[in-house]
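Subject: Structure for your review

Dear colleague,

Here is the structure I said I would pass on. My notes on it follow below the display.

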Amino acid sequence: MDRRKVCIFMVLWAMVHLSSPGQGLRALRRTTGGRRGSGLTGQDANGVPLRRSKRGWMWNQFFLLEEYTGSDLQYVGKLHSDSDRGDGSVKYVLTGEGAGTLFKIDEKSGDIHATKRLDREEKAFYILHAKAVNRFTNEALEGESEFIIKIHDINDNEPRFTKDPYMARVPEMSDIGTSVIQVTAIDADDATYGNSAKVVYSILEGQPYFSVDPETGLIKTALPGMDREVKENYQVVIQAKDMAGQMGGLSGTTTVSITLSDVNDNPPRFTKTLYEFRVPESIELGSAVGVIRAMDVDIGQNAEMDYRIIGSDGPGMFEITTNRSTQEGVILLRKPLDYERKRQYSLRVQVENVHINPRFYSKGPFRDEATIKIIVEDVDEPPVFERASYVMEVKEDAPKNTAIGSVSASDPDDKNSLVRYTIDRRTDMDRVFNIHAGNGSVFILRELDREENAWHNITVIATEFTNPRQISRVPVYVRVLDVNDNPPTFANNYETFVCENAKANQVIRTVGATDPDAPLGGHRFFFSLAQEAAGKANFSVRDNKNNTASILTRRNSYSTLQKSVYHVPVVISDGEFPMQSSTSTLTIRVCTCDREGNMKACNAEALTARAGLSTGALVAILLCVIILLMIVVLFAALRRQRKKEPLIISKEDVRDNVVSYNDEGGGEEDTQAFDIGTLRNPEAIEDSKQRRDIVPEAFYPPIRRPVLPPTRDNNGDVRDFINQRLQDNDSDPTAPPYDSLATYAYEGNGSVAESLSSLESVTTESDQDYNYLSEWGPRFKKLADLYGGDDSDRDS
């Protein structure tokens, strides 16, 4: 039933549209040779008769509804050729887009069906090609024709917004009709057919604050005086509906998040009218005394404020600055506080917005005022000197204990504690000055010398009696005034020469003077020849009145044979009070010169002097040589004395000492050169036992101890031997006062193999029989003679 309705609708629709010239239909016709029309319909412009041919087949396009929901295949249309006589010899072939998959054709009848459900939004039309061929010969009966299957739109898509959600901002307190944001919805249906894609906007949520234009989707404010401080965020739901908003239309929604942006419509306000702060009087300059803050419900730059002091009973004592990050007013100290002078301050502070909106002047004024009370708290302060520094003067010839000035400090607190004065000895290491602990008088402990130190910088300490931790320091600069206590002398060690052919009144040298004193008017020196040399002077002194003097000759010639060196005493005095003077000697050598006065030769003494070797220098060199000789002699004496010192001179120097005596024996026949019995018997102790590491200075009788018999213990004789030697060394008065190492070669007694040496047999010759030595051959004949003979023979 549904299929018949669809077909009837398609046929009626096709009839209407095919007859309409606006659809652009064209007839595809094929003239068949066997089937012609017989009637003439007229002539053309040339008089050729026109014949009407019968159409073979004709179509241009088919129409198909989208989203077909029927159970049968959807019928599209029918292809038919005039060549088809109904005997099944004609075969219809369909090619192109979707042929065989989306669209199928009945080869015999030419009926076309859609095999699947089509969507116009995916593809709006399909282009196909059709032809008719002979089923048996496959010969084309009709030429290939192109036709279009158009998908007819239905309202199957709801409008969709381009964003979800939308974000928008609008200033608070905006007027009615202020544009906020425009939303847009798109309908995928065909906008050229009906109202399927015609969208209308409406507001579902957000009234009465906002409205929307139904055609453009522009959202506007609908309520005046919306205050951000009351409500900041709004959620508005907008609906878009197609079919021009009619019943049955599809719709879509979106959410618009609208935020009211801040404007400066609120003035700043202090939370209190009176602020009170307490600060100690010892607070440092630039420190924060307190912090105040005014409240502004606006945000951002609309809440920025400036603080300033508009009144104070302590001008210049405080200032207030604005902390831009916290919008707080910070009160800073600019002058020192003093509890004893002023204990309380009152400030009048004003706060005002930085950025003011002219629209809201009527809500002003955008400022506020408050009073700040600052209370100064007492602190135990150190003594305060009357001056930041002191300068004192004293003459360098002032006697000891002379007072040169005084310092004064007082306790600034109400208790007014007494102050004790001392000098920081780190600044007066030589203890040149002292101070009276009670009145602060500074005096000198020893005489001063300006030429040694013209200034002395010391530090005086003031300490409270009641609280010694409270101290203050002040620098004291002591200037030593000059006194004329030094005579002037030659500026240099002057030496000169005079030519033998010199003329009288000839200047041979100009000398100057120096004086360590520093008179206020500058130096003024006077030069003259010493009184004792004035009568027999060969030279004269002329004062140049400029702190220099010229040495002049008083005769025409000089002779090295007569006198080669002259010593001219020059008296130099200053013009200060008391006047100081000294006599300096100028050495003048007599030399041979050419006509121009250039020196050619001088005597040996003069040459030595010119080379810089004076008599004092020669004496110094001679003393150095004598000292070197004394050192060499002392060193040699010490070397000789060291020979008497012990060989072991350090407790670390422990080693065996080999002493060489270079004593040559008398040969085999000499049996009296030394006592061989000691070597033969290790237990025998020599009669005179002396240390070999030092030269003995006194002889003490050795202490003899009996040799203890060996015990049954293993190595008992060795242990006893060592203990005996240890006792001998401990009781030896000639032993040095340091540890020494003594070594002994002792193999012990009681060996099973007994001794292999015959040396021990010297003490027991009567018990031994050496006659067997004569049987050993001529090599042992000598031994046999020594040991193998009878006692009577040996005695003889």
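M630 is exposed, with a relative accessible area of 55%. This residue sits in helix 4, which runs over residues 615-642. Together with V619, L622, L623 and I626, M630 makes a nonpolar patch of about 480 Å² on the surface. Please keep in mind throughout that the model is predicted.

Overall make-up

The protein chain has 8 helices and 44 strands. Of its 796 residues, 34% are buried. Among contacts with a separation of 6 or more, 66% are between residues 24 or more positions apart. The accessible surface of the chain is about 49,800 Å², and carbon and sulfur atoms contribute 51% of that.

A charged patch

The surface also carries a patch of negative charge, formed by D397, D430, E447, D449, E452 and D485. One of these residues, D449, is in the loop that runs between strand 33 (441-444) and strand 34 (455-464). D449 has a relative accessibility of 33% and is therefore partly exposed, since the partly exposed class lies between 20% and 50%.

Salt bridges

There are 21 salt bridges in the structure. I looked at three pairs, including R228 with D262, whose side chains meet with an N to O distance of 3.0 Å. R228 belongs to the loop between strand 16 (218-221) and strand 17 (233-241), and D262 to the loop between strand 18 (251-261) and strand 19 (269-270), so this salt bridge ties together parts that lie 34 residues apart in sequence. Are the two partners buried or exposed? Both R228 and D262 are buried.

Another pair is D380 and K415, with 3.2 Å between the closest N and O atoms. This salt bridge links distant parts of the chain, 35 residues apart: D380 is in the loop between strand 26 (367-377) and strand 27 (384-385), and K415 is in the loop between strand 30 (409-410) and strand 31 (419-423). D380 is partly exposed at a relative accessible area of 27%, and K415 is partly exposed as well, at 47%.

The remaining pair in these notes is R479 and E393, where the closest N and O atoms are 3.7 Å apart. Here the partners are both in strands: R479 in strand 35 (residues 471-481) and E393 in strand 28 (residues 390-395), with their positions 86 residues apart in the chain. R479 has a relative accessible area of 37% and counts as partly exposed. E393, at 44% relative accessibility, is also partly exposed.

Salt bridges with shared partners also join R228, E229, E232 and D262 into one network. The R228 and D262 pair described above is thus part of that network.

Three buried residues

F366 is in the loop between strand 25 (344-353) and strand 26. With a relative accessible area of 4%, F366 is buried. Which residues does F366 touch, leaving out those up to four places away in sequence? They are N264, D265, N266, P267, P268, V351, E352, N353, I356, F360 and Y361. For one of these, N266, the C-alpha atom is 7.3 Å from that of F366, although the two residues are 100 residues apart along the chain.

H456 is placed in strand 34. Its relative accessible area is 14%, so H456 is buried, the cut-off for that class being under 20%. Outside the four places on either side in sequence, H456 touches F433, L448, V476, Y477, V478 and V480. The C-alpha atoms of H456 and V432 are 9.1 Å apart, and the two residues are separated by 24 residues in sequence.

Q74 lies in strand 4 (residues 74-78). Q74 is buried, with a relative accessible area of 3%. Apart from neighbours within four places in sequence, Q74 is in contact with L64, L65, Y68, I112, H113 and A114.

Regards

Technical notes: Residues numbered from 1 in each chain as written. Predicted model: local features only at pLDDT ≥ 70, side-chain atom pairs only at ≥ 80, totals over all residues. Heavy atoms only, no water. Helix = DSSP H or I, 4+ residues; strand = E, 2+ residues; numbered from the N terminus. Buried < 20%, exposed > 50% of the residue type's maximum accessible area, 1.4 Å probe, protein only. Contact = heavy atoms within 4.5 Å. Areas by Shrake-Rupley, 256 points an atom, 1.4 Å probe, with all protein chains shown as cover. Patch = residues over 30% accessible without salt bridge, like charges linked within 9 Å, V, L, I, M, F, W, Y side chains within 5 Å. Salt bridge = Lys/Arg side-chain N within 4 Å of Asp/Glu carboxyl O. Lys, Arg positive; Asp, Glu negative; His and termini not counted. Charge placed at Lys NZ, Arg CZ, Asp CG, Glu CD.
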